[in-house]
Amino acid sequence: MSEPLVLGIETSCDETGVGIVRGHTMLADAVASSVEEHSRFGGVVPEVASRAHLEAMVPTIERACETAGVRLYDVDAIAVTSGPGLAGALLVGVAAAKALALGLGKPIYGINHLAAHVAVDQLEHGPLPAPCMALLVSGGHSSLLRVEDVTTGVTPLGATIDDAAGEAFDKVARLLGLPFPGGPHIDRMAREGQVTIDFPRGLTSRRDLERHRFDFSFSGLKTAVARWVEARQRDGATIDVADVAASFQEAVCDVLVRKAIDAATDQGIEDILIGGGVAANSRLRVMATERAEARGIRVRVPRPGLCTDNGAMVAALGSELVARGRTPSALDLPADSSQPVTQVVA
Ligand code: KG4
Ligand code: ZN
């Protein structure tokens with residue numbers, strides 16, 4: 001059999017993504033985002049997101065097929081994010097995928113969103129090194145995962161105990177008066193600023209490391225930024241938003257990179273893979289690469305467009321599952337808003 005042609009559907013948050021891949025080759029990556037509808041609320045409104053997925057689904061599937069130059073009948077399997085994510089949003093994608101699978105008579109794979117953030121890198125840099133250390137940083141998750149084989153399982157080594165890294169970017173952006181989602185705006189502002197403030201690095205003290213060596217905490221950092229800004233406002237002092245953004249970003253990246261390198265070293269792993277929306281951050285990409293290289297560790301990060309949510313990542317994992325002959329999901333597979341990272345296929 002030639003390499004499998006897989007269509008992947010992603011609707012876990014506010015992006016309706018439909019990707020088509022053949023093996024490790026991406027043929028289409030169509031994304032429709034409802035982010036503008038949420039921006040005035042300062043966060044994703046689940047009901048609004050679900051409705052937008054419903055409206056965008058069919059046109060986005062059509063756009064992906066057109067770009068890839070394939071007909072739906074040519075597809076060997078349908079992959080869909082079954083979790084984790086927003087329950088109502090996931091349901092739209094899962095229902096669409098079931099309809100396609102049933103109508104076309106093709107297998108369906110309900111897959112884990114986080115594992116897909118890892119698998120997507122294969123579209124750009126080829127097969128994943130085994131094992132590799134994945135630093136997964138998105139709006140809802142910050143985790144360190146030991147990945148032996150992304151289709152069979154990943155072992156979580158640590159995760160955030162409060163806010164996710166992306167959530168911290170979004171909340172700090174909000175208090176600096178920047179639009180939602182805040183990550184890209186902080187990234188842009190930080191390039192015009194200097195790291196002038198020494199914000200706290202969560203869970204890095206000797207005592208914290210004993211219990212939380214590979215865990216993250218960003219809520220203290222968020223509060224520290226808020227206090228710093230409030231104190232300046234009280235004194236009537238001007239606030240250099242670019243410097244605050246640069247200093248905050250430096251603190252987040254410093255902790256992420258330090259812990260990822262520590263985890264890789266501890267596990268004797270020579271490859272770090274960074275995935276999820278925050279992996280699009282320009283400072284994180286440079287800092288991780290420089291510091292890891294100095295320790296003889298390689299870093300792989302997909303290009304920014306593949307770091308944020310998209311359908312190609314779902315298709316990438318789906319195609320890997322088909323190629324390895326893994327059993328598809330049942331046609332009555334549920335959307336599971338809290339699907340654990342250890343469950344790659346629903
Ligand atoms: O993976 P993703 O697209 O959705 C989730 O699965 O959550 O991640 C979205 C998160 C948001 O919090 C957004 O602010 C953040 O990724 N993000 C960034 C950048 N681009 C997106 N954070 C920092 N720097 C960026 N350039
Ligand atoms: Zn994501």
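This report describes a predicted model, taking in turn its domains, its zinc site, one helix residue, its largest pocket and its largest cavity.

## Two domains

The chain is divided into two parts, and domain 1 is made of two separate stretches of sequence, 5–120 and 310–323, while domain 2 covers residues 129–301. When the C-alpha atoms of each part are used to find its centre, the centres of domain 1 and domain 2 turn out to lie 27 Å apart. The two domains also touch one another, since 16 residues of domain 1 are in contact with 13 residues of domain 2.

## The zinc site

The zinc ion (ligand 2) is held by three residues, namely H113 and H117, each through its NE2 atom, and D309, through OD, at distances of 2.0 to 2.1 Å. Along the sequence these donors follow the spacing H-x3-H-x191-D, a pattern in which 191 positions stand between the second histidine and the aspartate.

Where do H113 and H117 lie? Both belong to helix α4, which runs over residues 113–119, and they are four residues apart, or about one turn of the helix.

Are these two histidines buried or exposed? A residue counts as buried when its relative accessible area is under 20%, and H113 is therefore buried, because its value is 6%. H117 is buried as well, because its relative accessible area is 1%.

## A116, within helix α4

A116 also has its place in helix α4, the helix that holds H113 and H117. Its relative accessibility is 0%, and so A116 counts as buried.

Which residues does A116 touch, once its neighbours within four places in sequence are left aside? The contacts of A116 are then with I111, M313, V314 and L317. As for T155, which is 39 residues away from A116 along the chain, the C-alpha atoms of the two residues are separated by 15 Å.

## The largest pocket

The largest pocket has a volume of about 1,000 Å³. It is lined by 37 residues, and of these C13, S138, G139, D170 and P181 are the closest to the centre of the pocket. By character, the lining residues of this pocket divide into twelve that are nonpolar, 17 that are polar and eight that are charged.

Both domains take part in the lining of the largest pocket, with at least three residues drawn from each of domain 1 and domain 2. Among the helices, α4, α6 (165–175) and α7 (182–190) each supply at least two residues of this lining, and α6 gives the most, with six residues. Helix α4 thus appears in two parts of this report, as it holds two donors of the zinc ion and also supplies part of the pocket lining.

## The largest cavity

How many cavities of 30 Å³ or more does the structure hold? There is one, and the largest cavity has a volume of about 40 Å³. The elements that give two or more residues to the lining of this cavity are α10 (241–267), β9 (271–275) and α11 (282–294), and α10 gives the most, with three residues.

The residues that line the largest cavity are L135, V257, A260, I261, I272, I274, A288, A292 and V299. In character this lining consists of nine nonpolar residues, with no polar and no charged ones, whereas the lining of the largest pocket includes 17 polar and eight charged residues.

Note on methods
Residues are numbered from 1 along each chain as its sequence is written. Chains are lettered from A and ligands numbered from 1 in the order in which they are written. This is a predicted model: local features need pLDDT of at least 70, side-chain atom pairs count only at pLDDT 80 or more; totals for chains, interfaces and linings use all residues. Side-chain values use heavy atoms; hydrogens and water are left out. Donors are N, O and S atoms within 2.8 Å of the metal (3.2 Å for Na, K and Ca); water is not among the atoms, so sites may look incomplete. Buried means under 20% relative accessible area, exposed over 50%, partly exposed in between (1.4 Å probe, protein chains only). On a 1 Å grid over the protein atoms alone, a cavity is a set of points where a 1.4 Å probe fits but cannot get out, and a pocket is an open set with protein on both sides within 12 Å along at least five of seven lines; lining residues have an atom within 4 Å of a point. Grid points are joined across faces, edges and corners, and a volume is the space filled by probe spheres set on the points. Ala, Val, Leu, Ile, Met, Phe, Trp, Tyr, Cys and Pro count as nonpolar, Asp, Glu, Lys and Arg as charged, and the others, Gly among them, as polar. Domain bounds come from an automatic or database domain assignment. Contact means heavy atoms within 4.5 Å.
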